[in-house]
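I opened this notebook page to record what I looked up around the ligand, along the backbone and between packed helices. The entries follow the order in which I took them up.

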Amino acid sequence: MNSSDETGIRDLFVIGGGINGCGIARDAAGRGLSVTLAEKNDLASATSSASTKLFHGGLRYLEYFEFRLVREALIEREVLLSAMPHISWPMRFVLPYHKDMRFESDTPTSKLLGVIMPWMKARRPAWLIRLGLFLYDHLGGRKILPPTATLKLKAAPEGAPLEARFETAYEYSDCWIEDSRLVVLNARDAEARGAEVLVRTEVTSARSENGIWYVETRDTETGAVRQVRARMVVNAAGPWVGDVIQSRIGLNSREGVRLVRGSHIVTKRLYDHEKCYFFQGTDGRIIFAIPYETDFTLIGTTDAEHSDPSEKPVCTEAEQDYLLNFANQYFRQTLTRDDVVWTYSGVRPLYDDGASTATAATRDYTLKVDRSAGAPVLNIFGGKITTYRRLAESALEKIAGEMDVEKGPWTAGVPLPGGDFPVDGVEALIAEVRESYPFLTARWARRLVRAYGTEAREILGAATTVADLGEDFGATLTEAEVRWLMDKEYARSAGDIVWRRNKLGLRLSADEIAALDQWMQAARAAA
Ligand SMILES: Cc1cc2nc3c(=O)[nH]c(=O)nc-3n(C[C@H](O)[C@H](O)[C@H](O)COP(=O)(O)OP(=O)(O)OC[C@H]3O[C@@H](n4cnc5c(N)ncnc54)[C@H](O)[C@@H]3O)c2cc1C
């Protein structure tokens, strides 16, 4: 086991508090390595809060023959679901079929079909979708999630919001994940196992001397500069992985990252049931429409090249129109920009595999150890939320090539904070919390259990009335919860809370959010 206590030298310095950095920090800390992680902004402030929020195999990747990735992700869905039944849950996806649906023209499948069935002219035949779903059902050792079914849309409630031309649909399983909470819970668990987690801390440079890294950090709030020594650096900077390679560490690496922006729009709830839609376009792309935060529908995503990571990704008007027009090909109701209540956008840091289009670039991950500076750096390219735990295991294999790591893989089946209850136990837990705290409304109790699982009770403590929870910030957000988020979950500003620790920003007014921020800054000053 590596210990840095006498020398002050850490085993690992992880750059980046997205899902990959936090997942690696947790795994490494649990194996006894000494770890410091620095995140320049808030945890999950970049790509890891801007995903479609699915633990999924990625049905469409089958058309790219990405069987390794799909199989790993399919198996992983259930491993993850069991370890975090509060922030992840099963979802059914309804895929309406129409004969005019087309492939993107350069997928291996569409090229193959173009040779053997040229008369299809890049249309996706129904048998191919059924074959894809058969593989999806069977590649990944599914035990918890129900299998594919066929729906007759004229009779099924899932057909009601759709245009009449859709008569048949296929329904399959994947899982929802609260992406930014996943990141924070990994960071908390890493810290509980001995890691140091620094937020608002930017890595400005790193140099190696006699096989040791000297990493310089700057506190982005106070400007304080600190130096940390480490045996190995893990570059999990997501969209900035290239920036860290070139500008912060100065490696002479040719590995590249391809930045692909993806945007989502949120509307008021568009239909009454709890299933998602998987819509295929005539351009070969797909989008999802997903029930979101009880009263909303989430629609996404786009695929657009994004050249500069320092340029904040936003959902452009053209992307909004694209998503609205796409959804309008399916829904009876016509959506316009007036229906959009919120948008968000993120940048996928994909490994540059030279693919022709953004849609075709691989979603698989690539880990590369670079020793050109003297001490080792592990650069992380690509990956998905779904494969973060497996990516961390692969990272630890690489790390074990550089130093002694005595413990083997351990994270499968180990619950994240608050996730220590049965995978089908959410309703029972909500009922128990309501019984102990009868002043909570059903919606409020559900929100707390979905966010904090068994830890909801710790937040509520000995409260017997709403007033016992302190200041009321609106939309069921109280001082007790805000203090928990500041003390235990690294929240520093109102934005950290209302857009990442929860999504109450959809319900709170700008004035309420500003008041929360003022309160938090005063509380921090008083601490
Ligand atoms: C639109 C979209 C939809 C997606 N949907 C899904 C999905 O449904 N399911 C799925 O499995 N995956 C999905 N993904 C993929 C997934 O979100 C990403 O692969 C994953 O979030 C990447 O995590 P990361 O930790 O590598 O990067 P990030 O989350 O971007 O984290 C990198 C962090 O490094 C920090 N950083 C950078 N430079 C420095 C520095 N110098 N010092 C300190 N910190 C630094 C940044 O601030 C950032 O927080 C989606 C991605 C997008 C964009």
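The entries below concern a predicted model, and they begin with the ligand.

**Entry 1, the ligand shell.** I first asked which residues come nearest to the ligand, and of the 38 residues around it I noted Glu 39, Ser 48, Leu 54, Gly 383 and Thr 386. I then sorted the shell by residue class and found 13 nonpolar, 18 polar and 7 charged residues.

**Entry 2, polar contacts of the ligand.** I looked up which N or O atoms of the protein face the ligand, and took the side chains before the backbone. For Thr 386, I noted a side-chain N or O atom 2.6 Å from an oxygen atom of the ligand. In the side chain of Asn 20, an N or O atom is 2.9 Å from an oxygen atom of the ligand. With Leu 54 the contact comes from the backbone instead, where an N or O atom lies 2.7 Å from a nitrogen atom of the ligand. I next checked how much of the ligand is covered, and the protein takes up 98% of the 1,000 Å² of accessible area that the ligand has on its own. As for the elements that give two or more residues to this shell, I listed helix 1 (19-30), strand 8 (201-209), strand 11 (257-268) and strand 16 (340-351).

**Entry 3, helix 1 and its partner.** Since helix 1 contributes to the shell, I looked up its packing as well. How far apart are the axes of helix 1 and helix 5? I found them 8 Å apart, at an angle of about 25 degrees, with helix 5 spanning residues 179-192. Because the angle is under 35 degrees, helix 1 is roughly parallel to helix 5. The crossing of these two helices is left-handed.

**Entry 4, helix 12 and helix 14.** I repeated the look-up for helix 12 (residues 479-488) and helix 14 (residues 510-526), which pack at an angle of about 55 degrees with their axes 12 Å apart. That angle makes helix 12 oblique to helix 14, and the crossing is right-handed.

**Entry 5, backbone geometry.** I kept in mind that most residues other than glycine have a negative phi, and that most peptide bonds are trans. The peptide bond from Gly 300 to Thr 301 is cis, with omega near 20 degrees, and I placed Thr 301 in the loop between strand 14 (296-300) and strand 15 (304-305). Thr 476, although not a glycine, has a positive phi of about 70 degrees, and this residue sits in the loop between strand 19 (472-474) and strand 20 (477-478).

Methods
Residues numbered from 1 in each chain as written. Predicted model: local features only at pLDDT ≥ 70, side-chain atom pairs only at ≥ 80, totals over all residues. Heavy atoms only, no water. Near = heavy atom within 4 Å. Polar contact = N/O pair within 3.5 Å; in protein donor to acceptor, adjacent residues only side chain to side chain. Areas by Shrake-Rupley, 256 points an atom, 1.4 Å probe, with all protein chains shown as cover. Nonpolar A, V, L, I, M, F, W, Y, C, P; charged D, E, K, R; others polar. Axes fitted to C-alpha atoms, helices over the stretch in contact; angles between N-to-C directions. Parallel < 35°, antiparallel > 145°, perpendicular 65-115°, else oblique. Left-handed = near helix turned anticlockwise from the far one by under 90°.
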